[in-house]
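Biologist: Please take one part of this protein and look at it closely. Start with the whole, then zoom in.

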Amino acid sequence: MVFDPASLDFIDSGVVTPVRASTILPAVRENIELTTADGLTLVGELALPADGVVRATLITLHPLPTHGGFMDSHVYKKASYRLPALAGIAVLRFNTRGTASARGTSEGSFDEGVGERLDVEAAVQFAVDRGLPNRWLLGWSFGTELVLKYGAVAPVAQQVQGAVLLSPPLHRATDTDLLAWAAYGKPLTVLVPEFDDYLQPEAATVRFALVPQAKLIAVDGAKHLWVGEKYAARALNEIASSVLGTDVELSAQWHGPVAALPV
């Protein structure tokens with residue numbers, strides 16, 4: 001049975017609650033479906049600020065599905081749990097073609113980042129059709145390859161304000177893609193872990209020098225998967241700061257109703 005996020009039970013204990021990994025803050029959440037240009041149905045979730053005021057929208061692209069990446073990869077879950085309430089940011093998560101999670105399985109099969117271009121386009125178009133403002137792409141690992149390859153070309157280029165990258169490996173994305181982003185001119189924030197498995201800050205600085213507007217942030221102590229609340233929280237702060245255009249430090253405490261996933 002597919003989990004319905006609208007069924008979450010929120011309880012207000014009347015005391016301040018620490019925001020931990022499993023803490024779910026209030027939002028308007030719904031299961032969604034995306035339809036690609038080649039006729040596939042992709043499954044996902046949209047989390048909106050409960051007060052209806054959307055300051056920015058994140059369209060998330062997850063890590064490599066053949067290595068465990070999916071819409072529930074932990075930084076993205078925490079983004080959907082926290083950012084609508086703490087920062088007024090809408091979070092759209094979905095499984096690319098052939099990827100499965102508790103939400104369900106998207107149709108199709110993994111296509112090495114080629115057919116996934118249509119997945120990116122479908123997700124962005126969904127956000128446009130919903131009237132969600134200030135749209136940004138957020139890619140993590142394999143998701144950064146999709147951002148770099150398809151975010152700066154039509155139709156997506158005209159539909160988003162910029163992008164944020166977590167742990168870009170630069171395997172599938174080439175210098176040609178980086179030069180396309182340079183010509184595109186829109187903001188690109190690049191978060192590079194100190195101990196990344198694929199591309200560490202020194203090498204990333206050289207590669208992203210091709211994109212003059214890229215803001216590269218080296219994160220001391222972090223690894224490719226951003227394991228640990230300290231690093232996940234840092235990533236969310238940097239993401240929120242980038243899309244809102246001002247320094248953001250998300251609160252680690254919440255006074256109000258909270259929920260947790262059923263066990």
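Modeller: This is a predicted model. Of the 263 residues of the protein, 54% count as buried. The fold is built from six helices and 12 strands. A compact globule with 263 residues would have a radius of gyration near 18 Å, and the protein has 17 Å, so the two agree. The C-alpha trace spans about 55 × 40 × 30 Å along its principal axes. Contacts reach far along the chain: among those with a separation of 6 or more, 74% join residues 24 or more positions apart.

Now the close look, at helix H3. This helix covers residues 142-150. It is mostly covered, with eight of its nine residues buried. From the start of the helix, Phe142, Gly143, Thr144 and Glu145 are buried. Leu146, Val147, Leu148 and Tyr150 are buried as well. An α-helix has 3.6 residues a turn, so residues three or four places apart point the same way.

What do the buried residues of H3 pack against? Two helices are among the partners: H2 (116-129) and H4 (175-184). Four strands join them: E4 (56-61), E8 (135-140), E9 (162-166) and E10 (188-193).

Back out to the surface. The accessible surface of the protein comes to about 11,000 Å². Carbon and sulfur atoms hold 54% of that area. The protein has 20 positive and 28 negative charges. The mean positions of these two sets are 3 Å apart.

Definitions and conventions:
Residues numbered from 1 in each chain as written. Predicted model: local features only at pLDDT ≥ 70, side-chain atom pairs only at ≥ 80, totals over all residues. Heavy atoms only, no water. Buried < 20%, exposed > 50% of the residue type's maximum accessible area, 1.4 Å probe, protein only. Contact = heavy atoms within 4.5 Å. Rg over C-alpha atoms; globule rule 2.2 N^0.38 Å. Areas by Shrake-Rupley, 256 points an atom, 1.4 Å probe, with all protein chains shown as cover. Lys, Arg positive; Asp, Glu negative; His and termini not counted. Charge placed at Lys NZ, Arg CZ, Asp CG, Glu CD.
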